[in-house]
Amino acid sequence: MKISDIPFNERPREKAINDGIDKLNNIELLAIIIRSGTKNKSAIELAYELINSYKNLNNLMNATLSELNKIKGLDNAKSISILASLEFAKRCTLIKKEKRHHIETSFDVYELLKDKYRNEPQENFLILFLDSKNDIICLHLLFKGSVSSSNVHPRDIFREAMKNNANRLIIVHNHPSGDPSPSDSDLKTTKNLVEISRFIAIPIIDHVILGDQSYFSFKEHNLL
């Protein structure tokens with residue numbers, strides 16, 4: 001379907017102006033992000049093909065640049081625009097959850113972070129800083145890469161904890177393999193950090209490893 005075939009008031013941009021952005025369907029929203037079509041495909045057609053190829057929005061949220069560029073009609077510029085919009089949406093959702101989220105269980109941590117981190121291609125090492133009521137103060141991405149005692153620096157963790165007036169911490173990292181079982185390095189690193197946290201009096205109350213469909217909690221397995 002060409003844009004010129006759509007009545008003027010029903011075209012995505014005009015519809016957004018006249019009726020409000022919330023009245024647009026997913027294809028229309030994506031067409032606005034794509035901005036323009038090609039010689040043979042309109043932005044609407046490209047958006048439809050893209051959403052159809054990923055089956056659902058959850059799958060699309062984890063799209064990569066190389067995957068998008070395989071879709072005929074999407075070049076680097078269009079693909080980057082799509083990825084930037086998706087990443088912005090993830091961050092807004094995460095910030096919204098952080099501000100209102102109260103942590104009671106390890107499952108709460110998994111539910112909060114699984115959508116963003118469980119399908120990441122490399123490990124992300126994060127710290128949840130909590131107040132005395134276990135409400136989240138902030139989430140800090142410490143580094144990306146394999147978790148080991150050589151690249152997890154306690155001074156960086158506890159410096160941020162004191163800066164944010166945190167009362168307690170939860171360590172979180174993902175396993176790109178999808179299996180959340182802790183490695184020997186995970187066990188060693190966690191033991192070291194927990195011992196330091198007791199000395200500094202800002203306790204680490206859990207270490208949650210995110211897998212594809214499940215998680216592993218050091219607290220639930222009495223490993224803290």
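Q: Contact means heavy atoms within 4.5 Å. With that in hand, which residues does Ile 34 touch, not counting residues up to four places away in sequence?

A: A quick flag before you read on: this is a predicted model. Skipping residues up to four places away, Ile 34 touches Ala 43, Leu 46, Ala 47, Leu 74, Lys 78 and Ile 82.

Q: How do I get from one residue's contacts to a core, and which residues touch the most other members of the largest nonpolar core?

A: The general idea first: in soluble globular proteins, nonpolar side chains tend to be buried together. Here the largest nonpolar core has 18 residues, and Leu 30, Ile 34, Leu 50, Tyr 54, Leu 68, Leu 74 and Ile 82 are the ones touching the most other members. At least two residues of this core come from each of helix H2 (26-34), helix H3 (43-54) and H6. H3 gives the most, 7 residues. There's also a second, separate core of 17 residues, with Phe 125, Cys 138, Phe 158 and Val 194 among them.

Q: Let me zoom out. In what order do the elements of the chain run from the N terminus on?

A: Read the string of elements like a sentence: α-α-α-α-α-α-α-β-β-α-β-α-β-β. The chain has 9 helices and 5 strands. As for burial, 42% of its 224 residues count as buried. On the outside, about 12,600 Å² is exposed, and carbon and sulfur atoms supply 51% of that.

Q: And what share of the contacts with a separation of 6 or more comes from residues 24 or more positions apart?

A: That share is a handle on how much the fold brings together distant parts of the sequence, and for this chain it comes to 57%. For a single pair, take Ser 81 and Arg 35: 46 residues apart in sequence, with C-alpha atoms 9.3 Å apart in space. Ser 81 belongs to helix H6 (residues 76-100), and because its relative accessibility is 31%, Ser 81 counts as partly exposed.

Q: Now a loop. Is Leu 24 buried or exposed?

A: Don't judge a residue by its element alone; look at its accessibility. Leu 24 is in the loop between helix H1 (12-19) and H2, yet Leu 24 counts as buried because its relative accessibility is 8%. Setting aside neighbours within four places in sequence, Leu 24 is in contact with Pro 12, Lys 15, Ala 16, Leu 29 and Ile 32. Arg 11 is 13 residues away along the chain, and its C-alpha atom is separated from that of Leu 24 by 9.8 Å.

Q: On to the strands. Why is E1 largely enclosed by the rest of the structure?

A: Count its buried residues: 7 of the 7 are buried, so E1 is largely enclosed. Then check which way the residues point. Asn 124, Leu 126, Leu 128 and Leu 130 point one way from E1, Phe 125, Ile 127 and Phe 129 point the other way, and all are buried.

Q: Which strands do the bridges join to E1?

A: Follow the bridges on both partners. E1 and strand E2 (residues 136-144) run antiparallel, with 7 bridges. Strand E3 (residues 168-174) also runs antiparallel to E1, with 6 bridges; there, Leu 126 stands opposite Val 172. The hairpin of E1 and E2 has 5 residues between the strands, and Asn 134 takes a positive phi near 65° in it.

Q: Asn 124 is a polar residue in that strand. What does its side chain lie 2.9 Å from?

A: For a buried polar group, look for a polar partner. Asn 124 counts as buried because its relative accessibility is 1%, and a polar atom of its side chain lies 2.9 Å from the backbone oxygen of Gln 122. The bridge partner of Asn 124 in E2 is Lys 144. Beyond its neighbours within four places, Asn 124 has contacts including Tyr 117, Phe 143 and His 173.

Q: Last one: how do E3 and E4 run, parallel or antiparallel?

A: For a parallel pair, also ask how the chain gets from one strand to the other. E3 and E4 run parallel, joined by 6 bridges, with His 173 opposite Ile 209. The chain crosses from E3 through helix H9 (residues 184-200) to E4, in a right-handed β-α-β crossover. In strand E4 (residues 204-210), 6 of the 7 residues are buried, so E4 is largely enclosed too. A hairpin through 4 residues then joins E4 to E5. Strand E5 (residues 215-217) runs antiparallel to E4 with 3 bridges, and Ser 217 is the bridge partner of Val 208.

Notes:
Residues numbered from 1 in each chain as written. Predicted model: local features only at pLDDT ≥ 70, side-chain atom pairs only at ≥ 80, totals over all residues. Heavy atoms only, no water. Buried < 20%, exposed > 50% of the residue type's maximum accessible area, 1.4 Å probe, protein only. Polar contact = N/O pair within 3.5 Å; in protein donor to acceptor, adjacent residues only side chain to side chain. Pairing = 2+ DSSP bridges. Areas by Shrake-Rupley, 256 points an atom, 1.4 Å probe, with all protein chains shown as cover. Core = buried A, V, L, I, M, F, W, Y, C linked by side-chain atoms within 4.5 Å. Right-handed = clockwise from strand over helix to strand, strands pointing away.
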